[in-house]
Amino acid sequence: MIWDDTLYAGAADFYARGRLPYAPGLPAALADLLGLDGRGRLLDVGCGPGTLALSLAPLFAEVVGVDADGGMIAAAERRAAELGVRARWIRARAEELPAGLGTYTVVTFGQSFHWMERDLVAATVRGLLRPGGAFVHVSDLKGESFGACELPRPPYEAIGELVRAYLGPVRRAGQGFLPQGTPGGEATVLARAGFSGPTRRVVPGGDVVERSADDVLAWVFSMSSSAPHLFGDRLDAFSQDVLRLLRETSPSGRFAERRPSTEVFVWRADSLRPASK
């Protein structure tokens, strides 16, 4: 998969509302894993609207977020101002990080590494980390099963069928397609770059969040596979079809979801372990 400017075009304004947040215990878990105490520097690569960087900001003296999408950077700047968090936001591809960024205690990737030229980015990040620094991959834990809630769960399978009816059977991603999904093999990539690990930690989610129909629609448009631009002049029709489906599922327009657990992988930049040639 090669990243292009349209991958998340138009999605930034829907991201914060549509995506469920990471587990509330994530900052404390990372502080425990990495010995974070409000010092050091954080670089969040593929930061989106600042979701991860802003939640971790109290653990560091300095925070820098990088994303290739201008809309995401603008959203991160607005959110940081609202929260009173001082952070630096840079629009750049991970493969083209600007010179002069300095070195970091921790570099995070919040469900973003798979969009990148991973060997190049892993080698670049290793060069930016201080000795003993950490490459941290954060994602929702996949495959969890939850019990029933009082309100219905959003009909995600039916929404997926509707997306395919409009956009075709193969998953869309910017100007391209992902017939096999996003790539795996992260462990091999990072070992090749000279990282050791990983240490894995699962941070429990599980609390119930109430969602409106508009929240669920925002989730649809926050995804690369159903970003607004993909629908062209059929965007309004698609929106109305999603809202109709949601009304059929829950006439009250209210839904419930359990927040997923958060999965964390920590890789160490071991100065004694050379990168593979």
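**Group meeting: helices, cores and ring pairs**

Okay, let's start with helix 5: its buried residues pack against strand 1 (41–45), strand 4 (104–110), strand 5 (129–140), helix 7 (186–192) and strand 8 (195–203). By packing I mean contact, with heavy atoms within 4.5 Å. The helices (H or I, at least four residues) and strands (E, at least two) are DSSP runs, numbered from the N terminus.

Before going on, a word on what we have here. This is a predicted model, in which local features need pLDDT of at least 70 and side-chain atom pairs count only at pLDDT 80 or more, while totals for chains, interfaces and linings use all residues. Residues are numbered from 1 along each chain as its sequence is written, and side-chain values use heavy atoms, with hydrogens and water left out.

Back to helix 5, residues 118–128. Which residues are buried there? They are R118, V121, A122, V125 and L128. Buried is under 20% relative accessible area, exposed is over 50%, and partly exposed is in between, using a 1.4 Å probe and protein chains only. Looking down the axis of helix 5, these buried residues fall within an arc of 120°, so they line one face of the helix. That arc is taken from the directions between the helix axis and the C-beta atoms. As background, an α-helix has 3.6 residues a turn, so residues three or four places apart point the same way.

Just ahead of this helix there's a backbone detail. Q111 lies in the loop between strand 4 and helix 5, and its phi is near 55°, a positive value in a residue other than glycine. Over in strand 8, where P198 sits, the peptide bond from G197 to P198 is cis, with omega near 10°.

Now helix 6, residues 156–167. At 1.5 Å a residue, its 12 residues should span 16 Å, and its end C-alpha atoms are 16 Å apart, which agrees. The expected span is 1.5 Å times one less than the number of residues. The buried set in helix 6 is Y156, I159, L162, V163, Y166 and L167. They cover an arc of only 115° around the axis, which puts them on the same side of helix 6. Turn to the other side and you find E157, E161 and A165, which are exposed.

What do the buried residues of helix 6 pack against? The partners are strand 6 (172–173), strand 9 (208–212), helix 8 (213–221), helix 9 (235–249) and strand 10 (254–258). Just after helix 6, G168 takes a positive phi of about 100°.

Let me stay with Y166, which brings us to the aromatics. The structure holds 13 aromatic pairs. Rings of Phe, Tyr and Trp (its six-membered ring) pair if their centres lie within 6.5 Å; planes under 30 degrees apart count as stacked, over 60 as edge-to-face and the rest as tilted. The rings of Y166 and F238 have centres 5.2 Å apart and planes at 80°, so this pair is edge-to-face. Since Y166 is in helix 6 and F238 in helix 9, the pair ties together parts that are 72 residues apart in sequence. Both Y166 and F238 are buried.

F221 and F231 make another edge-to-face pair, at 6.2 Å centre to centre with 75° between the planes. Here F221 is in helix 8 and F231 in the loop between helix 8 and helix 9, 10 residues apart. F221 is buried at 4% relative accessible area, and F231 is buried at 3%. Add F14, and you have one aromatic cluster of F14, Y166, F221, F231 and F238.

On to the cores. A nonpolar core is a set of buried Ala, Val, Leu, Ile, Met, Phe, Trp, Tyr and Cys residues joined through side-chain atoms within 4.5 Å. The largest one has 30 residues, and those with the most contacts inside it are L30, L34, V136 and V264. Helix 2 (26–34), helix 3 (51–56), helix 4 (70–83), strand 5 and strand 11 (262–269) each supply at least two residues of this core. The largest share, six residues, comes from helix 2. Apart from this core lies another, of 26 residues, among them V66, A122, V125 and F195. We met A122 and V125 earlier, among the buried residues of helix 5.

Last item, the cysteines. How many disulfides are there? Zero, taking a disulfide as a pair of cysteine sulfur atoms within 2.5 Å. C47 is buried, at 4% relative accessible area, whereas C149 counts as partly exposed at 24%.
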